[in-house]
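Work through the exercises below with the model open beside you, and try each task before reading its solution.

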Amino acid sequence: MTLLRQNFHAESCQLYVKTASGWQYFAGSAPHLNPLPIENEQDLSEWLQPTKPFYQNKTGLWLPLHRHQQAIGLLTVQLPTQPQPLDPEYFVPLAVHLSAEIDHHTSRECLSSSHQPLLNMLQGLHDISFMLWRANSLDDLLLKAVDHGKQVLQIDRIAIFLLTGENKMKGTYGTDIQGNTVKEDYFETSIPSLWYSDHPQALHGYLAIKNNTPLYHDLKPVGKGWSAYTSLWDGDRRVGWIAYDNLVTGKPLADYHSHILKQFSFIVSQHLVRRQAEESLSQLNTELEQRVSDRTQQLQQLNWKLEHTCRQDPLTQVPNRRVFDQTLPLEWRRAKRHRLPVSLLMIDVDHFKKFNDSYGHAAGDRCLKLIATKLASQERRAGALFARYGGEEFVLLLPGQNAQAAVVAAEKTLHAVRTLQIPVDEHQFSHVTVSIGVSSIVPDSQNSADLLFSQADRALYQAKSSGRDSYFMFG
């Protein structure tokens, strides 16, 4: 104001600003001077029109300050008693500049005072969104949404309900009648017939508010006040509700709360849907992993059964010829490497054709089972293999056993079959016996596993030729 007075050679300058309580003195170079006293706003109405940029008389000049077609201030200038000629148009740019400054100052003052709670809530919503993003689980997310939502939104009670099926809703976290955050997953019911159930905004929008209405806890009336509901959406599918009320303090909603509640509901919806999708995917992955694990275990068991079936004679339940054919070369190479003997017994059931003719093939099968079971339990030395070679023939492979041990094994085998006392025919004059060919060799570069087998086979032929129920080994 002082610079203005000096530059324009004015006696004094005063600036008045229009406030909610009326016109107030704001600044001036000589506040005790007032060439044009302001008594009331009505007196000024004629001179504060936007169409009149200034008003001048012999000693003073009025410059109305406007913003958006509204009077927001007034600049008064007291001219000198013997003024130099001044063109009032010089003051018009000054008035425009002062109008902008006053408008900016007034807006900032208003925002910093009456809108500060709104700014705090907007910042709080940002913090809640970040907090929900970092939640450890869906349960943790719902707890934080309710607990921190009450603090940030300055609302007494908040509760989140999720839709669980056709016309069904389930509680998650809520607020008791004292204002404490509590877990309410026990609460599950059909959607009740309350005011919000059929409210268009509750069904199709984000927010429905009703004042002076009954307030509930677990569907029991606990007071009266305002209640609000915001819907939680996954696209165009509603997935739940957030309920709000002022049961504890009775504090009314602010004008900006409707926008804040919508924003809060939108934030919770986003994180809820994201977290549900993540947990559903995690559960699906867990189920798939379990199914893969179960299927892998089943396949392993089937493979074991298949392998066992492939290696076992289905009739006698002892190893089959395939096992013998695979084992003989392995044991031969091991014996050759360590310069140990390998012995083999070829065992053939005597008069088996006659037995089948007398009792039938079913009885013949039972006879082979009895003999296999008996002989499989005779030899317990490590590495020994008793197997069915085919038909009524069996083999006993004895790695590391010399000729003397092979002979002992042959004698034990003959005795074991005799003790079974299986009759050869219906007259029961004789019993089933076996003939055995024995072979024992120390592997070297001059012999082979085939030689071991062929010697045992020829020895078996000699045992049968010698009258059966005996063993034979070439010297």
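Helices (H or I, at least four residues) and strands (E, at least two) are DSSP runs, numbered from the N terminus. The model is a predicted one, in which local features need pLDDT of at least 70 and side-chain atom pairs count only at pLDDT 80 or more, while totals for chains, interfaces and linings use all residues. Residues are numbered from 1 along each chain as its sequence is written, and side-chain values use heavy atoms, with hydrogens and water left out.

**Exercise 1.** Find the helix that holds Leu281, and determine which residues join Leu281 in a nonpolar surface patch.

Solution. Begin with the helix: Leu281 belongs to H7, which covers residues 257-311. Next consider exposure, where buried means under 20% relative accessible area, exposed over 50%, and partly exposed in between (1.4 Å probe, protein chains only). Leu281 has 48% relative accessibility and therefore counts as partly exposed. Finally, Leu281 forms the patch with Leu284 and Leu288, and together they offer about 260 Å² of accessible area. Such areas come from the Shrake-Rupley method with a 1.4 Å probe, and for residues only the protein chains shown count as cover. Patches are made of residues with over 30% relative accessible area and no salt bridge, like charges being joined within 9 Å and nonpolar side chains (Val, Leu, Ile, Met, Phe, Trp, Tyr) within 5 Å. A salt bridge, in turn, is a side-chain nitrogen of Lys or Arg within 4 Å of a carboxyl oxygen of Asp or Glu.

**Exercise 2.** Trace the order of the open sheet of six strands, and name its edge strands.

Solution. Two strands pair if DSSP finds at least two bridges between them. Reading across the sheet gives E10-E7-E6-E13-E12-E11, with antiparallel pairing. The edges are strand E10 (188-190) and strand E11 (208-217), each of which pairs on one side only. From one strand to the next, the twist averages 35°. At the E10 edge, three bridges connect E10 with strand E7 (residues 168-171), and within this pairing Lys170 has Glu188 as its bridge partner.

**Exercise 3.** Which strands of the sheet does helix H5 touch, and which does H7 lie across?

Solution. Contact means heavy atoms within 4.5 Å. Helix H5 (residues 138-153) packs on the sheet by touching strand E6 (157-165) and strand E13 (237-245), and its direction makes about 145° with that of E6. H7 lies across E6, E11, strand E12 (220-234) and E13, and runs at about 55° to E12. For these angles, axes are lines fitted to C-alpha atoms, for helices over the stretch in contact, and the values run from 0 to 180 degrees between N-to-C directions.

**Exercise 4.** Examine the salt bridges of Arg157 and Glu188, and say which parts of the chain they link.

Solution. Side chains of opposite charge can pair when their charged atoms come close. Arg157 and Asp245 meet in a salt bridge at 2.7 Å, N to O. This pair links distant parts of the chain, since Arg157 is in strand E6 and Asp245 in strand E13, 88 residues apart. Both Arg157 and Asp245 are buried. Turning to Glu188, its salt bridge with Lys170 has its closest N and O atoms 4.0 Å apart. Glu188 lies in strand E10 and Lys170 in strand E7, so the pair ties together parts 18 residues apart in sequence. Lys170, at 27% relative accessibility, counts as partly exposed.
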